[in-house]
Amino acid sequence: MQDYSFMSTEEIFLLQDALKKNTKQIYKFVGIGILLVIIAAFVPQFFLSKRLSDEEINQSLFSYKNAWFWVWLMSFVLVLVFALIKVTDVRYYTIKKDLTKLQKGQIQVPLEMIYQGNNDMQTSFIVQQEGVKKRKRLFYWMRGRLDDFKAGQQVEIVYGRYSRVILAITKL
């Protein structure tokens, strides 16, 4: 069973709190990314300047004047961004969409898998949805660790329709 309805004021505040936590996570990883890019750009130059002359540095693959250096650096940045998004489950834009559309969904399903993420600040639930075709869906509890739920339990989940951030979860 799945239906959609509009969010209450309390549920909107829960989503805003999830958005703030997600924004903090994004800022943290932007800082880490900038630090890694600085290291990737300047450490090779530092070691080259200790060992080689200016002319040899300019002919090196790690020279700022070499196009391959910039291709390598931009590839590094691109891979870093995708890796951080994949690892951290950043849902900033989907939570923003939930706050714009103000729609929530409700579903009753058995839990298939439960795991902790983001330094135990988030609990993720995988459920298998019955219907035309069986498909697995991932839902996120953004308010800390939940230990009371086990795989196989039947639960009712109230969630943000687009971000799948859980607003309420109860055992049946």
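Helix 1 and helix 4 run roughly antiparallel to each other. That's how they sit in this predicted model, where the axes of helix 1 (residues 9-51) and helix 4 (residues 92-101) cross at roughly 160 degrees and come within 10 Å. Anything over 145 degrees counts as roughly antiparallel, so the label fits. As for handedness, helix 1 makes a left-handed crossing as it passes helix 4.

Now for the residues at that crossing. Helix 1 brings Ile 12, Leu 15, Gln 16, Ala 18, Leu 19, Asn 22, Thr 23 and Ile 26, and these meet Tyr 92, Ile 95, Lys 96, Asp 98 and Leu 99 in helix 4. Sorted by class, the contact of helix 1 with helix 4 has 8 nonpolar residues, along with 3 polar and 2 charged ones.

On to the salt bridges. Side chains of opposite charge can pair when their charged atoms come close. The count here is 3 salt bridges, and the table gives each pair with its N to O distance.

| Pair | N to O distance |
|---|---|
| Lys 104 and Glu 11 | 3.0 Å |
| Asp 17 and Lys 21 | 3.7 Å |
| Lys 136 and Glu 112 | 2.8 Å |

Let's start with Lys 104 and Glu 11, which meet through their side chains in a salt bridge. Lys 104 belongs to strand 2 (residues 103-117) and Glu 11 to helix 1, so this pair ties together parts that are 93 residues apart in sequence. Both Lys 104 and Glu 11 are buried.

Asp 17 and Lys 21 are a more local affair: they lie 4 residues apart in helix 1, which means about one helical turn separates them. Asp 17 has 31% relative accessibility and so counts as partly exposed. Lys 21, with a relative accessible area of 29%, is partly exposed as well.

That leaves the salt bridge between the side chains of Lys 136 and Glu 112. Here the link goes from strand to strand: Lys 136 lies in strand 4 (residues 135-141) and Glu 112 in strand 2, so the pair ties together parts that are 24 residues apart in sequence. Lys 136 is exposed, at 55% relative accessibility, whereas Glu 112 is partly exposed at 28%.

Put the pieces side by side and helix 1 keeps turning up: helix 1 meets helix 4 through residues including Leu 15 and Leu 19, holds both Asp 17 and Lys 21, and is tied to strand 2 through Glu 11 and Lys 104. Strand 2, in turn, is tied to strand 4 through Glu 112 and Lys 136.

Notes: Residues are numbered from 1 along each chain as its sequence is written. This is a predicted model: local features need pLDDT of at least 70, side-chain atom pairs count only at pLDDT 80 or more; totals for chains, interfaces and linings use all residues. Side-chain values use heavy atoms; hydrogens and water are left out. Axes are lines fitted to C-alpha atoms, for helices over the stretch in contact, and angles run from 0 to 180 degrees between N-to-C directions. Helices (H or I, at least four residues) and strands (E, at least two) are DSSP runs, numbered from the N terminus. Angles under 35 degrees count as roughly parallel, over 145 as roughly antiparallel, 65 to 115 as roughly perpendicular and the rest as oblique. A crossing is left-handed if the near helix is turned anticlockwise from the far one by less than a right angle, and right-handed if clockwise. Contact means heavy atoms within 4.5 Å. Ala, Val, Leu, Ile, Met, Phe, Trp, Tyr, Cys and Pro count as nonpolar, Asp, Glu, Lys and Arg as charged, and the others, Gly among them, as polar. A salt bridge is a side-chain nitrogen of Lys or Arg within 4 Å of a carboxyl oxygen of Asp or Glu. Buried means under 20% relative accessible area, exposed over 50%, partly exposed in between (1.4 Å probe, protein chains only).
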